[in-house]
Amino acid sequence: MEKVLISPYAVPGTKSLAMIGKEQIINEVCREYRINPVQLYRKCRQRGVVEPRMVIQTLIRNALGFTLWDTGKEFTQTNASAFHAIKTVRDLYVTNANFRNTLYRILENLFEDEIERLKIIERIIDDSKKDE
């Protein structure tokens with residue numbers, strides 16, 4: 001059975017997940033954190049670079065359905081590093097109001113539909129729990 005995606009042009013005012021790609025997520029996160037996307041691909045442990053990288057890994061996993069392996073490979077990391085990033089983002093989302101607001105702003109800019117944003121947040125919270 002073939003998967004049929006409804007065109008966002010058929011239903012005005014909607015942005016389909018199919019229209020959102022890895023590049024859009026990277027660009028939106030970098031815009032929110034005010035960093036150059038090139039910095040994400042360098043080996044760096046500074047919080048200002050690591051946190052947006054972790055957010056991107058979490059979003060491409062939970063919004064686009066990337067595997068842990070593909071998520072880690074995007075930044076030349078192992079799937080264990082990707083898992084740690086996703087778990088860290090979940091923990092920050094649950095405990096840090098500023099981080100939660102930042103993540104929600106990113107999701108608002110990427111996805112027009114509030115239900116879609118809430119589903120992604122739910123996946124972020126549930127995805128990390130099931131892999132523990």
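**Figure 1. Asp-70 is a partly exposed residue in a salt bridge within helix H4.** In this predicted model, Asp-70 has a relative accessibility of 31% and so counts as partly exposed. Its side chain meets that of Lys-73 in a salt bridge. The N to O distance is 3.9 Å, and the cut-off for a salt bridge is 4 Å. Lys-73 has a relative accessibility of 53%, so Lys-73 counts as exposed. Both residues sit in helix H4, which covers residues 68–74. Asp-70 and Lys-73 are three residues apart, which means a separation of about one helical turn.

**Figure 2. Arg-90 and Asp-91 form a salt bridge.** The closest N and O atoms of Asp-91 and Arg-90 are 2.9 Å apart. How exposed is each partner, Asp-91 and Arg-90? Asp-91 is partly exposed, because its relative accessible area is 33%. Arg-90 has a relative accessibility of 7% and therefore counts as buried. The cut-off for buried is under 20%.

**Figure 3. Arg-105 and Glu-32 join helix H6 to helix H1 by a salt bridge.** The two side chains meet with an N to O distance of 2.8 Å. The pair links distant parts of the chain. Arg-105 belongs to helix H6 and Glu-32 to helix H1, 73 residues apart. Arg-105 is partly exposed, because its relative accessibility is 37%. Glu-32 has a relative accessibility of 16% and so counts as buried. By the rule used here, the count of salt bridges comes to six. The Arg-105 and Glu-32 pair is one of the salt bridges. The Asp-70 and Lys-73 pair also meets in a salt bridge, as does Asp-91 with Arg-90.

**Figure 4. Helix H1 crosses helix H6.** H1 spans residues 22–33 and H6 spans residues 97–110. Their axes come within 10 Å and cross at roughly 135 degrees. That angle makes H1 oblique to H6. The crossing of H1 past H6 is right-handed. Which residues of H1 meet H6? On the H1 side they are Gln-24, Ile-25, Glu-28, Val-29, Arg-31, Glu-32 and Tyr-33. On the H6 side they are Phe-99, Thr-102, Arg-105, Ile-106, Asn-109 and Leu-110. By class, the contact of H1 with H6 holds six nonpolar, three polar and four charged residues. Glu-32 and Arg-105, the salt-bridge pair, are both listed in this contact.

**Figure 5. Helix H1 also packs against helix H3.** H3 covers residues 47–62. The axes of H1 and H3 come within 10 Å and cross at roughly 150 degrees. An angle over 145 degrees counts as roughly antiparallel, so H1 and H3 are roughly antiparallel to each other. H1 passes H3 in a right-handed crossing. H1 contributes Lys-22, Ile-25, Ile-26, Val-29 and Tyr-33 to the contact. H3 contributes Glu-51, Pro-52, Val-55, Ile-56, Leu-59 and Ile-60. The contact of H1 with H3 has nine nonpolar residues, two charged residues and no polar ones. Ile-25, Val-29 and Tyr-33 of H1 take part in the H3 contact and are also among the H1 residues that meet H6.

**Figure 6. Arg-34 has a positive phi in a loop.** Arg-34 lies between H1 and helix H2 (37–40). What is its phi? The angle is about 55 degrees, although Arg-34 is not a glycine. Arg-34 counts as exposed, because its relative accessibility is 76%.

**Figure 7. Thr-76 has a positive phi in another loop.** Thr-76 is located in the loop between H4 and helix H5 (79–95). Its phi is positive, at about 55 degrees, and Thr-76 is not a glycine. The relative accessible area of Thr-76 is 73%, so Thr-76 is exposed.

**Figure 8. The protein chain is built with seven helices and zero strands.** Along the sequence the pattern reads α-α-α-α-α-α-α. How many strands does the chain have? There are zero, alongside seven helices. Of the 132 residues in the protein chain, 41% are buried. Among contacts with a separation of 6 or more, 59% come from residues 24 or more positions apart. One pair that links distant parts of the chain is Arg-105 in H6 with Glu-32 in H1.

Conventions:
Residues numbered from 1 in each chain as written. Predicted model: local features only at pLDDT ≥ 70, side-chain atom pairs only at ≥ 80, totals over all residues. Heavy atoms only, no water. Axes fitted to C-alpha atoms, helices over the stretch in contact; angles between N-to-C directions. Helix = DSSP H or I, 4+ residues; strand = E, 2+ residues; numbered from the N terminus. Parallel < 35°, antiparallel > 145°, perpendicular 65-115°, else oblique. Left-handed = near helix turned anticlockwise from the far one by under 90°. Contact = heavy atoms within 4.5 Å. Nonpolar A, V, L, I, M, F, W, Y, C, P; charged D, E, K, R; others polar. Buried < 20%, exposed > 50% of the residue type's maximum accessible area, 1.4 Å probe, protein only.
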